[in-house]
Amino acid sequence: MRNSELFQKNDEEENMASIMCKIDDKHVPLYRVMWIGDLPHFCGHEDCEREGQYEIRLEQDESIWAGREDRDRMLDALQQWQGGIGSPDEWN
Ligand SMILES: [Zn+2]
């Protein structure tokens, strides 16, 4: 019983990964992402809490902030997800 419960849980998490990407403690739907910063934030403020983090811009003027690993995972997830839209034929 325990094994099959575990298997089901993993299965759900894999499905979620296809349209959601976890950043920090948030599952972010990929379709809400407008753009992702290519360079880490730097504004020069001594008390800045975002320095070295990458901005992930969402719809409706929201932003979340990700470390480099999370940013790269988000980029990968977006690329895989976009690859699933339409077929390559549409580019001809
Ligand atoms: Zn700053």
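The following dialogue explains how several descriptions of this predicted model are reached.

Biologist: What is the secondary structure of the protein, and which pattern does it follow along the sequence?

Modeller: The protein has two helices and five strands. Read along the sequence, these elements follow the pattern α-β-β-β-β-β-α.

Biologist: How do you know that strands E4 and E5 pair, and in which sense do they run?

Modeller: Two strands pair if at least two bridges are found between them. Five bridges join E4, residues 54-58, to E5, residues 62-66, so the condition is met. The two strands run antiparallel. Among the partners, isoleucine 56 is bridged to isoleucine 64 in E5, and glutamate 55 is bridged to tryptophan 65 in E5.

Biologist: What makes E3 and E4 a pair?

Modeller: The cut-off is again at least two bridges. E3 and E4 have three bridges, in the antiparallel sense, and therefore count as paired. Valine 33 has leucine 58 in E4 as its bridge partner, while isoleucine 36 has isoleucine 56 in E4.

Biologist: Which strands make up the open sheet, and why are E3 and E5 called its edges?

Modeller: The open sheet has three strands in the order E3-E4-E5, with antiparallel pairing. Strand E3, residues 33-36, and strand E5 each have a single partner strand, so one side of each is left without a neighbour in the sheet. From one strand to the next, the twist averages 25 degrees.

Biologist: Why is tryptophan 35 called exposed?

Modeller: Tryptophan 35 is found in strand E3. A residue is exposed if 12 or fewer other C-beta atoms lie within 10 Å of its own. Tryptophan 35 has 10 such neighbours, and therefore counts as exposed. The C-alpha atoms of tryptophan 35 and leucine 58 are 7.3 Å apart in space, with their positions 23 residues apart in sequence.

Biologist: Is lysine 26 buried or exposed, and where is it found?

Modeller: Lysine 26 is found in strand E2, residues 26-29. Lysine 26 has 10 other C-beta atoms within 10 Å; the limit is 12 or fewer, so lysine 26 is exposed. Lysine 26 and isoleucine 64 are 38 residues apart along the chain, and their C-alpha atoms are separated by 9.2 Å.

Biologist: What makes aspartate 76 exposed?

Modeller: Aspartate 76 lies in helix H2. The count for aspartate 76 is 11 other C-beta atoms within 10 Å, and because the limit is 12 or fewer, aspartate 76 is exposed. Aspartate 76 and cysteine 21 are 55 residues apart in sequence, yet their C-alpha atoms are 9.6 Å apart in space.

Biologist: What is notable about the phi of aspartate 24, and why is aspartate 24 called exposed?

Modeller: Most residues other than glycine have a negative phi. Aspartate 24, which is not a glycine, has a positive phi near 60 degrees. Aspartate 24 is found in the loop between E1 and E2. With 11 other C-beta atoms within 10 Å, against a limit of 12 or fewer, aspartate 24 is therefore exposed.

Biologist: Where is glutamine 60 found, and what phi does it have?

Modeller: Glutamine 60 is found in the loop between E4 and E5. Glutamine 60 has a positive phi of about 60 degrees although it is not a glycine. The hairpin of E4 and E5 has three residues between the strands. Glutamine 60 has 6 C-beta neighbours inside 10 Å, and so counts as exposed under the limit of 12 or fewer.

Biologist: Which residues form the largest nonpolar core, and what makes such a set a core?

Modeller: A nonpolar core consists of buried residues of certain kinds, joined through C-beta atoms within 7 Å. The largest one has nine residues: Cys21, Ile23, Val28, Val33, Tyr54, Ile56, Ala66, Met74 and Ala77. Strand E1 (20-23), E4 and helix H2 (68-83) each give two or more residues to this core. Of the 92 residues of the protein, 12% count as buried.

Biologist: Which residues are in contact with alanine 66, leaving aside its neighbours within four places in sequence?

Modeller: Two residues are in contact if their C-beta atoms lie within 7 Å. With those neighbours left aside, alanine 66 is in contact with Ile23, Asp24, Gln53, Tyr54, Ile56, Arg71 and Met74. Among the contacts in the protein with a separation of 6 or more, 39% are between residues 24 or more positions apart.

Note on methods: Residues numbered from 1 in each chain as written. Predicted model: local features only at pLDDT ≥ 70, side-chain atom pairs only at ≥ 80, totals over all residues. Helix = DSSP H or I, 4+ residues; strand = E, 2+ residues; numbered from the N terminus. Buried ≥ 20, exposed ≤ 12 C-beta atoms within 10 Å, placed from the backbone. Axes fitted to C-alpha atoms, helices over the stretch in contact; angles between N-to-C directions.
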